[in-house]
Amino acid sequence: MLFRALLTVFLAITLSACSSLTPEPEPVTDTGISWEEHLARLQTIDAWEVTGKAGIRDSKTRHSASLAWQQQEEFFNIELTGPLGQGGARITGSPRGIEILAAGEDPIYSNSPEALMEERLGWRFPLNDLPFWMKGQPAPGSEYTPVFDTNRLKSLQQNNWQINYLRYTSRDGIPLPGKIVLNQGNLRITLIAKEWQIGSR
């Protein structure tokens, strides 16, 4: 149960996707702005919601789930449905820690979810980087190697992860990732964002 809950957390925190109600995405066009200008716009977005789906696969297992992720600066709230969240799961977090509430299971709290993941799952994911990767920008504070296409990230190497941006969608004229694949070793995570809602500072 804990394993499933941790996977839930990982997907939730890490990914964020959500399910449901998905209007047609805005077509992505070349905005004609530079990468530096695009990055500056992304950096102003500290409140957002994304709905979609997420999948995680390693050499032995494969899971998928639908997620609804709300991010407000460093705080997040994730509702999970689907195979990983049978009965539903809710994950809330802040820089002080995370709490997982899953139907039929005791609440789980950790002030170090990354260490908990490594202890229970055998691998560590930079959860604090994920909100930045999700928006299509490098996480601050560590070196990275980008590859660009039309002044947007096509791929990114950071913290021993390879992040590939396979598709973009547009919200309020801002290109945002529509499909992301993250790889490290035999672990592969796919995030599909069906709908974005963004706020600004």
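This passage describes the fold, strand pairing, side-chain contacts and backbone features of a predicted model.

The protein contains four helices and eleven strands. Of its 201 residues, 47% count as buried. Among contacts with a separation of 6 or more, 54% involve residues 24 or more positions apart. The average pLDDT of the protein is 80, and 76% of the residues score at least 70. Residues 15-23 have a pLDDT below 50, and this stretch has 44 contacts in the model beyond near neighbours in sequence.

The eleven strands form an open sheet with antiparallel pairing, in the order S6-S5-S4-S3-S2-S1-S11-S10-S9-S8-S7. The edges of the sheet are occupied by strand S6 (108-110) and strand S7 (144-149); each has a single partner strand, so one side of each is left without a neighbour in the sheet. On average, and with direction ignored, neighbouring strands of this sheet are turned by 20° against each other.

Strand S1, which spans residues 47-57, is mostly covered, with eight of its eleven residues buried. In the order of the sheet, S1 stands between S2 and S11. The pairing of S1 with strand S2 (residues 62-72) is antiparallel and comprises eleven bridges. A hairpin of four residues connects S1 to S2, and Arg 57 is placed opposite Arg 62 in S2. With strand S11 (residues 187-199), S1 likewise pairs in the antiparallel sense, over eleven bridges. Within this pairing, Lys 53 has Ile 192 of S11 as its bridge partner.

Elsewhere in the sheet, strand S4 (residues 89-94) and strand S5 (residues 97-102) run antiparallel and are joined by six bridges. Thr 92 stands opposite Glu 99, a residue of S5. S5 is followed in the sheet order by S6, one of the two edge strands.

Helix H2, formed by residues 35-43, lies across S7, strand S8 (152-158) and strand S10 (174-184). The helix runs at about 90° to S10. An aromatic contact also links H2 to S7, since Trp 35 lies in the helix and Phe 148 in the strand, so that the pair ties together parts 113 residues apart in sequence. The ring centres of Trp 35 and Phe 148 are 4.9 Å apart and the planes meet at 45°, so the pair is classed as tilted. The two partners differ in their burial classes: Trp 35 counts as buried because its relative accessibility of 9% is under the 20% limit, whereas Phe 148 is partly exposed, with a relative accessible area of 38%. The strand that carries Phe 148 is S7, which stands at an edge of the sheet.

In the whole structure, the search for aromatic pairs finds four. One aromatic cluster is formed by Trp 48, Trp 69 and Trp 196. By residue number, Trp 48 falls within S1 (residues 47-57), Trp 69 within S2 (residues 62-72) and Trp 196 within S11 (residues 187-199).

The count of salt bridges comes to one. This salt bridge is formed by Arg 171 and Asp 172, whose closest N and O atoms are 3.9 Å apart; the pair qualifies because the limit is 4 Å. Both residues are partly exposed, Arg 171 with a relative accessible area of 23% and Asp 172 with one of 49%.

Asp 172 is also notable for its backbone conformation. Most residues other than glycine have a negative phi. Asp 172, although not a glycine, has a positive phi of about 55°. This residue is placed in the loop between S9 and S10. A positive phi, of about 50°, is also found at Asn 159, which is not a glycine either. Asn 159 belongs to the loop between S8 and strand S9 (161-171). With a relative accessible area of 32%, Asn 159 is partly exposed.

Conventions
Residues are numbered from 1 along each chain as its sequence is written. Side-chain values use heavy atoms; hydrogens and water are left out. Two strands pair if DSSP finds at least two bridges between them. Axes are lines fitted to C-alpha atoms, for helices over the stretch in contact, and angles run from 0 to 180 degrees between N-to-C directions. Contact means heavy atoms within 4.5 Å. pLDDT is the predictor's confidence in each residue, from 0 to 100. A salt bridge is a side-chain nitrogen of Lys or Arg within 4 Å of a carboxyl oxygen of Asp or Glu. Buried means under 20% relative accessible area, exposed over 50%, partly exposed in between (1.4 Å probe, protein chains only). Rings of Phe, Tyr and Trp (its six-membered ring) pair if their centres lie within 6.5 Å; planes under 30 degrees apart count as stacked, over 60 as edge-to-face and the rest as tilted.
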